[in-house]
Amino acid sequence: MKPLFTRPLFAYVIGVLAVIILSGTVLSLVMDNYIVLISVLLAEFIILLLFLLHVYERHIKPIKKATNTVEEIVKGNFRARIHHTSTSHVGELIQKINKLARNLNELSIQEQMHSEQLTTVIDNTEGGLVLIDSKGYIHLVNRKFISMFGNTMKDYKGYLYYEVLDNKIIHETVQKTFLYEKSVKETFTNHNGNEKQYLEIVGAPIFNERNMLKGAVLVLYDITELKKLELMRKDFVANVSHELKTPITSIKGFAETLLENDMNDVKVNNEFLEIIYNESNRLQLIIEDLLTLSRLEREDFPLVLNKININVLVDEVMPVIKQKAMQKNLKISLSLDEDITFMADKEKVKQILINLLDNAVNYTSENGEISLHITSNDKFVHIKVSDTGIGIDEKALSRLFERFYRVDQARSRNTGGTGLGLAIVKHIVEVHEGTIEIDSEINKGTAIHIYLPKNISN
Ligand SMILES: Nc1ncnc2c1ncn2[C@@H]1O[C@H](COP(=O)(O)OP(=O)(O)O)[C@@H](O)[C@H]1O
Ligand SMILES: [Mg+2]
């Protein structure tokens with residue numbers, strides 16, 4: 001009975017009492033029997049009280065519950081529901097409120113999902129992102145940005161961009177974006193720990209629906225790899241020019257001398273002509289190697305895959321090598337597994353063997369030994385070319401496959417090397433999805449291992 005005497009009902013109870021007293025007074029004028037009068041009044045009181053209780057249970061209590069639930073919903077608790085069974089108008093209201101809460105709950109779940117998706121996208125984009133409002137306050141930085149510039153989200157969010165970003169180019173980009181109200185692009189270098197990064201920054205203005213500037217978004221791309229490639233390309237052009245310049249200068253010089261002098265001294269003439277011939281041969285070799293490399297580097301390089309027998313290949317290659325080796329009195333040892341067959345580009349594999357064996361001969365002193373060892377398992381063919389030559393310094397190993405890299409310039413040139421042999425080998429191995437390893441020790445010798453897959457996916 002406790003709810004009966006809660007505040008609103010208490011007033012009704014007082015009202016009921018007033019009605020009873022009033023009707024008691026009126027009835028007492030016409031009724032003499034007090035017992036009947038009191039019984040009638042008591043009955044009247046109980047009926048009115050029961051009626052009140054009914055009104056309370058059916059109308060007031062559900063409305064109170066509804067008010068509490070709506071309050072919860074206003075606070076953001078969309079899971080609040082009213083549990084009350086009623087078929088009256090109040091019941092309808094309760095159902096509507098519950099439906100509203102359900103809809104709001106669904107909307108809030110959807111919104112949460114969208115915002116999570118957006119955060120995932122923002123955090124996983126390849127570029128660094130910064131969102132700045134029209135007053136210059138940072139609203140958002142993504143994970144990539146933090147990985148580029150350090151610190152944490154808290155160190156940026158809510159601060160003025162020029163207070164927390166210590167970079168002149170970033171400041172200029174923001175200022176220009178706000179000033180010109182269009183996209184601005186700049187590049188700069190950033191030191192991230194010990195690493196030097198090349199970054200490209202794009203500032204883009206953000207407008208609201210009334211076309212007023214609301215802020216700017218900065219996108220930062222790491223272009224270090226691109227810069228490296230650009231540098232490599234520049235280096236390569238410089239190297240090629242340098243490599244071509246030497247033989248061309250020599251050819252031109254000797255040809256000029258021949259033209260200027262009277263051509264009576266046949267011996268000198270022949271000597272000069274021979275130099276010109278050798279140098280033009282050298283030019284041809286460099287150009288052929290460069291063409292081979294550029295063909296191998298093309299994305300759509302066509303590998304002519306055939307089932308090849310390595311023993312047949314070795315038979316084709318060995319005569320040339322043997323001849324060169326004989327001139328230096330080198331011992332050649334061969335060991336091949338029986339009938340190794342696999343899928344590969346025959347001419348390219350032949351080129352690997354020639355380049356490696358050629359190096360073994362060139363970089364091994366007289367009376368040394370070179371060996372070719374080929375084995376296979378069900379996955380790989382393992383080609384090992386070793387020598388007892390001059391060996392390679394450990395520091396030079398990592399650069400060995402760079403174009404035009406030679407440990408000893410003069411020595412390589414004297415042997416007719418172009419400095420491109422190993423670069424070509426590396427590319428051929430790569431297009432065959434194979435791997436290379438080198439073991440080398442100064443003055444002891446070198447062993448190069450090539451692993452080519454037996455079943456290439458191409
Ligand atoms: N078997 C080897 N022993 C010692 N040094 C080698 C050997 N093979 C390659 N090198 C070193 O690697 C360099 C690059 O080899 P390569 O690309 O074939 O160019 P090249 O032989 O034309 O100079 C050579 O100049 C040489 O210094
Ligand atoms: Mg070579």
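## Pockets and ligand 1 in a predicted model

About 610 Å³ of space lies in the second largest pocket, and this is a good place to start a tour of the model, which is predicted. The second largest pocket has 23 lining residues, and those nearest its centre are Met 232, Phe 236, Asn 239, Glu 402 and Arg 403. Three elements give two or more residues to this lining: α7 (224-260), α12 and α13. Of these, α7 gives the most, with eight residues. Sorted by class, the lining of the second largest pocket holds seven nonpolar, five polar and eleven charged residues.

Let us move on to the largest pocket, whose volume is about 1,100 Å³. Its lining counts 45 residues, and the closest to the centre are Asn 355, Asp 358, Asn 359, Asn 362 and Tyr 363. Several elements each give two or more residues here: α8 (266-297), α9 (310-327), α10 (346-362), β10 (380-387), α12 (409-414), α13 (421-431) and β12 (445-453). The most comes from α10, with nine residues. By class, the lining of the largest pocket has 20 nonpolar, 14 polar and eleven charged residues.

How do the domains fit in? The protein chain is divided into domain 1 (2-107), domain 2 (126-222), domain 3 (231-297) and domain 4 (305-453). Domain 3 and domain 4 each supply at least three residues to the lining of the largest pocket. For the second largest pocket, too, at least three lining residues come from each of domain 3 and domain 4. Elsewhere in the chain, the C-alpha centres of domain 1 and domain 3 are 110 Å apart.

Now for the ligand. Which residues come nearest to ligand 1? Of the 18 residues around ligand 1, they are Asn 359, Asp 387, Ser 412, Gly 419 and Leu 422. Asn 359 has already appeared among the residues closest to the centre of the largest pocket. The table sets out three polar contacts of ligand 1.

| Residue | Atom of the residue | Atom of ligand 1 | Distance |
|---|---|---|---|
| Asp 387 | side-chain N or O | nitrogen | 2.8 Å |
| Thr 418 | backbone N or O | oxygen | 2.9 Å |
| Thr 446 | side-chain N or O | nitrogen | 3.4 Å |

Taken alone, ligand 1 exposes 530 Å², and the protein buries 96% of that area. Asp 387, which is among the residues that come nearest to ligand 1, thus also offers a side-chain N or O atom 2.8 Å from a ligand nitrogen. With Thr 418, by contrast, the atom facing the ligand oxygen at 2.9 Å belongs to the backbone.

Conventions: Residues numbered from 1 in each chain as written. Chains lettered and ligands numbered in written order. Predicted model: local features only at pLDDT ≥ 70, side-chain atom pairs only at ≥ 80, totals over all residues. Heavy atoms only, no water. 1 Å grid on protein atoms, 1.4 Å probe; cavity = no way out; pocket = protein on both sides within 12 Å on 5 of 7 lines; lining within 4 Å. Points joined across faces, edges and corners; volume = space filled by probe spheres on them. Helix = DSSP H or I, 4+ residues; strand = E, 2+ residues; numbered from the N terminus. Nonpolar A, V, L, I, M, F, W, Y, C, P; charged D, E, K, R; others polar. Domains from an automatic or database assignment. Near = heavy atom within 4 Å. Polar contact = N/O pair within 3.5 Å; in protein donor to acceptor, adjacent residues only side chain to side chain. Areas by Shrake-Rupley, 256 points an atom, 1.4 Å probe, with all protein chains shown as cover.
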